[in-house]
Amino acid sequence: MNIEQLKEDWVSRGFSFNKGNFKKGGIVEEAYHIESDELVFLDKGECLYKLGDKEFTHFGEEEVLIPMKTSHWIKNLSGKDLTIYYGYKLMVINNNFSPDE
């Protein structure tokens, strides 16, 4: 996939777009986002994901959606460092809502 196209797609859907280095054998420690969904994309490589109580192996070239409020972690199973792309979609909360309106 063309990374610029990926970025444009994510931004058009309201996600940020970030790039990181995922070390060989590294782990993205367990996280929990209370105000945002997260997208993750690997252009190649193999990772083990745990989302909630489900684990699966992902071989890249496809995005993974991590829903808001879902406990998750990721482990790099590849024998090399990987480039990981990730983004967050902040959920907008209307604090000015009144049921009387």
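Which residue in the turn of the β4 and β5 hairpin has a positive phi? Hold that thought for a moment, and let me set the scene.

Hello everyone. What you see is a predicted model, in which local features need pLDDT of at least 70, side-chain atom pairs count only at pLDDT 80 or more, and totals for chains, interfaces and linings use all residues. Residues are numbered from 1 along each chain as its sequence is written, and side-chain values use heavy atoms, with hydrogens and water left out.

Let's start with the overall picture. The protein chain has 1 helix and 8 strands; helices here are DSSP runs of H or I with at least four residues, strands are runs of E with at least two, and both are numbered from the N terminus. Reading from the N terminus, the order is α-β-β-β-β-β-β-β-β. The C-alpha trace spans about 60 × 30 × 15 Å along its principal axes. Of the 101 residues, 30% count as buried, where buried is under 20% relative accessible area, exposed is over 50% and partly exposed lies in between, with a 1.4 Å probe and protein chains only.

The accessible surface of the chain is about 6700 Å², and 49% of that belongs to carbon and sulfur atoms; these areas come from the Shrake-Rupley method with a 1.4 Å probe, and for residues only the protein chains shown count as cover. As for charges, there are 12 positive and 18 negative ones, and their mean positions are 7 Å apart. Lys and Arg count as positive, Asp and Glu as negative, while His and the chain ends are not counted; each charge is placed at NZ of Lys, CZ of Arg, CG of Asp or CD of Glu.

Now to the sheets. Strands of a sheet pair through backbone hydrogen bonds, either parallel or antiparallel. Two strands are taken to pair if DSSP finds at least two bridges between them.

One open sheet has 4 strands in the order β2-β7-β4-β5, paired antiparallel. At its edges stand β2 (27–31) and β5 (54–58), each with a single partner strand, so one side of each has no neighbour in the sheet. On average, neighbouring strands here are turned by 15 degrees against each other, direction ignored; axes are lines fitted to C-alpha atoms, for helices over the stretch in contact, and angles run from 0 to 180 degrees between N-to-C directions.

Back to the hairpin. Strand β4 (residues 47–51) runs antiparallel to β5, and 5 bridges join them. Cys 47 has His 58 in β5 as its bridge partner. Between the two strands there are 2 residues, and it is Gly 52 in the turn that has the positive phi, about 65 degrees.

At the β2 edge, 3 bridges link β2 to the antiparallel strand β7 (residues 72–76). Ala 31, which sits in β2, stands opposite His 72 in β7. Is Ala 31 buried, exposed or partly exposed? Partly exposed, with a relative accessible area of 22%. Leaving out neighbours within four places in sequence, Ala 31 is in contact (heavy atoms within 4.5 Å) with Thr 70, Ser 71 and His 72.

On to the other order, β1-β8-β3-β6: this too is an open sheet of 4 strands with antiparallel pairing. Here β1 (18–22) and β6 (64–66) are the edge strands, each pairing on one side only. Neighbouring strands are turned by 30 degrees against each other on average, direction ignored. Helix α1 (residues 3–12) packs on this sheet and touches β3 (36–42) and β8, with its direction at about 170 degrees to that of β3.

What about the pairing within this sheet? β1 and strand β8 (residues 82–90) share 5 bridges in the antiparallel sense; Phe 22 is partnered with Leu 82, and Asn 18 stands opposite Tyr 86. β3 and β8 pair antiparallel over 7 bridges, with Gly 87 in β8 as the bridge partner of Leu 39.

One last stop is Glu 62, in the loop between β5 and β6. Glu 62 is exposed, at 52% relative accessible area. Not counting residues up to four places away in sequence, Glu 62 touches Val 40, Phe 41 and Leu 42. The C-alpha atoms of Glu 62 and Glu 8 are 15 Å apart, with their positions 54 residues apart along the chain.

To finish on contacts: 73% of those with a separation of 6 or more come from residues 24 or more positions apart. Thanks for listening!
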